[in-house]
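Here's a quick briefing for anyone meeting this protein for the first time. Have a look at the model below, then read on for the main points.

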Amino acid sequence: MTVATPKRMSTRTDLLDGSRAIAREVAAPFAEAVDREGRFPAETIAAAREAGLLSALVPPELGGVGASMRDLAESCTIIGQACGSSAMVLAMHHIQVACIARHARGSAFFERYLRRIADEQLLLASVTSEVGVGGDTRSSICAVGREQGRFTLLKDATTISYGAHADDLLITARRAPDANASDQVLVLAQQGDFTLEGGGAWDTLGMRGTCSPPFKVHAAGPEEQIIPGSYADSSAESMVPYSHILWAALWLGIATDAVNRASAFVRAAARKNPGHVPPTATRLAEVSVMLQSLRSNVQSAATDFDALGDDRAPLQTMSWALRFNNLKIAASEATPAIVHQALQIIGIMGYKNNSPFSVGRQYRDALSGALMVGNERILAKSASMLLVAKGE
Ligand SMILES: Cc1cc2nc3c(=O)[nH]c(=O)nc-3n(C[C@H](O)[C@H](O)[C@H](O)COP(=O)(O)OP(=O)(O)OC[C@H]3O[C@@H](n4cnc5c(N)ncnc54)[C@H](O)[C@@H]3O)c2cc1C
C-alpha cells in the first residue's frame, strides 16, 4: 500500500507527518481487521517501511533520521491512536534499534548493519522473556556457546512479538555457559541464521495483532553479532528507557483515542439538545484530567531523557531506574482506567463492537500494559531500590 508520505523520512517533520499519514491512511482503516483476525498489521508495517520509519533511530550519517526520544514517543502516540498493535510492533522494533545504535557504534559489523536497517528497512523483534525466568529481563538461562569465532544459542522464549514476521532478532543470553544468570549479552540473530520452533496460537484478549506466541529459538552466527559490552549497561541506558517511554507513549495513544471517542459522543449529545450541557460532560472533564496527567508523565520523561544528551551516567542511577519503573506502572494503570472512564461516558454505544464509538479494542489492548513485564515484578525491584536509594 502506498501512503502519501515523504519517500524517505530524514527530518523530524517528516517523522511526525509520516506517522500521521500512516496512522490515518493505513493503521486506522485496518485496525479492526487486525484485531478481529488476530493477524500481523502487515499493511502498517509495509507503509512504515516505505516511509523509512524503521530507521527512525538510525543515525543520519548511516541513512536514518536520528530521532529524539520526544519525537519517537510522539510517533508512537500518533500510531497508537489508530492501532495499538501496530504501534507496539513499531515501538518494539525501535527499542531494539536503540540498543544497537547506542551500544555497538564502535563495531564495523554493526555500523554496516545500521546502514542495512536504513537501506532495507529491516524489522527487528525482541527475545528477552524466557521459560524459567518469565519477565525478569535481567536474568537468562540461555547461554551463548562460542567456537572458532562463531556463536550458538538455544532460547526457550515465552513470547516473541511478530517473531514469525521479523527479519532479525535481538536476544538476551548469558555471556557463556559458566556465566551468572545476570551476566548477559545482547545477540543479533539474522534471517537465515535462526529457526523458530513451535509458535502456536496467540489468541489473546488484546494486542492481538502483535502475534506474540512462545518459540524455541535456535540461532548461530559470527561472534561479531554479539553487541560489545554487557547487557547490564544496554538495559539501564537503552532497553529500559526506550521500552518504558515508548510503551507508555503508545498507551497514551490508546487512551487518547478512547477519550476522543467519548468527546465526540458527548458533543453529539450536546448538539441534539442545544442550550443544555449533557451530564456526561462533567465526566469528560474528569477523564481529560487523567489524560493530561498521563501525557505530561510521558512527555516529561522523554524530554528529560533527551536533555541528557550523550551523558549516560545518570541512567545508571537508582533515581532514573525508579523514574522509568514509575512511568511504566503509572502509564499501564492509567490507560485502562481512562478507557474505562470513556466507556462509562459513552455507555452502550461504547460497549458495542459495531459502533463508531466502540472502545472495546482500546480496552482490551490497554489491559496488556500491566502484564508486559508484570507490574508486581517491577514494583518488587523498585521496593528493593527504595530501601537503599536514600538521597537519590
Ligand atoms: C502484548 C505483549 C507483547 C510482548 N512481547 C514480548 C516480546 O516481543 N518479547 C519478549 O521477550 N517478551 C514479550 N512480552 C513479555 C512477556 O510476555 C512476559 O513478560 C513474560 O512472558 C513473562 O510473563 P508472565 O506473566 O508469566 O510473568 P512472570 O514474570 O513470570 O510473572 C508471573 C507472575 O508472577 C508475578 N511476579 C513476578 N515476579 C514477582 C515479584 N518479584 N514479586 C511479586 N510478583 C511477581 C507477576 O506479576 C505475574 O503475576 C510481551 C508481553 C505482552 C503482554
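## Two buried spots in a loop

Let's start with cysteine 211: it has 23 C-beta neighbours inside 10 Å, so it counts as buried. Keep in mind that this is a predicted model. Cysteine 211 sits in the loop between S6 and S7, and its phi is near 45°, a positive value in a residue other than glycine.

- Methionine 207 is in the loop between strand S6 (194-198) and strand S7 (215-222).
- For methionine 207, phi is near 45°, which is a positive value in a residue other than glycine.
- Methionine 207 counts as buried because it has 27 C-beta neighbours inside 10 Å, and the cut-off for that label is 20 or more.

## The overall picture

- Zooming out, the protein has 11 helices and seven strands.
- Its radius of gyration is 21 Å, close to the 21 Å that the globule rule gives for 392 residues, so the protein is as compact as a globular protein of that length.
- Measuring along the principal axes, the C-alpha trace spans about 80 × 55 × 40 Å.
- Of the 392 residues in the protein, 50% are buried.
- Take the contacts with a separation of 6 or more: 76% of them link residues 24 or more positions apart.

## Helices H1 and H2

- Helix H1 (residues 12-37) and helix H2 (residues 42-51) have axes that come within 9 Å and cross at roughly 160°.
- That angle is over 145°, the cut-off for this label, so H1 is roughly antiparallel to H2.
- The crossing of H1 and H2 is right-handed.
- On the H1 side, the contact is made by Gly18, Ile22, Val26, Ala27 and Phe30, while H2 brings Glu43, Thr44, Ala47, Ala48 and Ala51.
- Sorted by character, the residues in the contact of H1 with H2 are seven nonpolar, two polar and one charged.

## Helices H4 and H5

- Helix H4 (residues 84-103) packs with helix H5 (residues 108-120) at an angle of about 145°, and their axes are 10 Å apart.
- H4 and H5 have a left-handed crossing.
- H4 offers Val97, Ile100 and Ala101 to the contact, and H5 offers Phe110, Tyr113, Leu114 and Ile117.
- What kinds of residues make up the contact of H4 with H5? There are seven nonpolar ones, no polar and no charged.

## Helices H7 and H8

- The axes of helix H7 (residues 280-307) and helix H8 (residues 318-346) come within 10 Å, crossing at roughly 160°.
- H7 is therefore roughly antiparallel to H8.
- Here the crossing of H7 and H8 is left-handed.
- Quite a list of residues takes part: among those of H7 are Thr280, Leu284, Val287, Leu291 and Val298, and among those they meet in H8 are Arg323, Leu327, Ala334, Ile338 and Ile345.
- By character, the residues in the contact of H7 with H8 come to 15 nonpolar, four polar and three charged.

## Glutamine 225 and its company

- Glutamine 225 has its place in the loop between S7 and helix H6 (231-272).
- Is glutamine 225 buried or exposed? With 23 C-beta neighbours inside 10 Å, glutamine 225 counts as buried.
- Setting aside neighbours within four places in sequence, glutamine 225 is in contact with Phe109, Val187 and Leu188.
- The C-alpha atoms of glutamine 225 and phenylalanine 110 are separated by 7.6 Å, although the two residues are 115 residues apart along the chain.

## Valine 185 in strand S5

- You'll find valine 185 in strand S5 (residues 184-189).
- Valine 185 is buried, as 24 other C-beta atoms lie within 10 Å.
- Which residues does valine 185 contact, leaving aside its neighbours within four places in sequence? They are Val144, Ala173, Arg175, Ile226, Ile227, Ser230 and Tyr231.
- Arginine 8 is 177 residues from valine 185 along the chain, and the C-alpha atoms of this pair are separated by 33 Å.

Definitions and conventions
Residues are numbered from 1 along each chain as its sequence is written. This is a predicted model: local features need pLDDT of at least 70, side-chain atom pairs count only at pLDDT 80 or more; totals for chains, interfaces and linings use all residues. Helices (H or I, at least four residues) and strands (E, at least two) are DSSP runs, numbered from the N terminus. The radius of gyration is taken over C-alpha atoms; the globule rule is 2.2 Å times the number of residues to the power 0.38. A residue is buried if 20 or more other C-beta atoms lie within 10 Å of its own, exposed if 12 or fewer, and partly exposed in between; C-beta atoms are placed from the backbone. Two residues are in contact if their C-beta atoms, placed from the backbone, lie within 7 Å. Axes are lines fitted to C-alpha atoms, for helices over the stretch in contact, and angles run from 0 to 180 degrees between N-to-C directions. Angles under 35 degrees count as roughly parallel, over 145 as roughly antiparallel, 65 to 115 as roughly perpendicular and the rest as oblique. A crossing is left-handed if the near helix is turned anticlockwise from the far one by less than a right angle, and right-handed if clockwise. Ala, Val, Leu, Ile, Met, Phe, Trp, Tyr, Cys and Pro count as nonpolar, Asp, Glu, Lys and Arg as charged, and the others, Gly among them, as polar.
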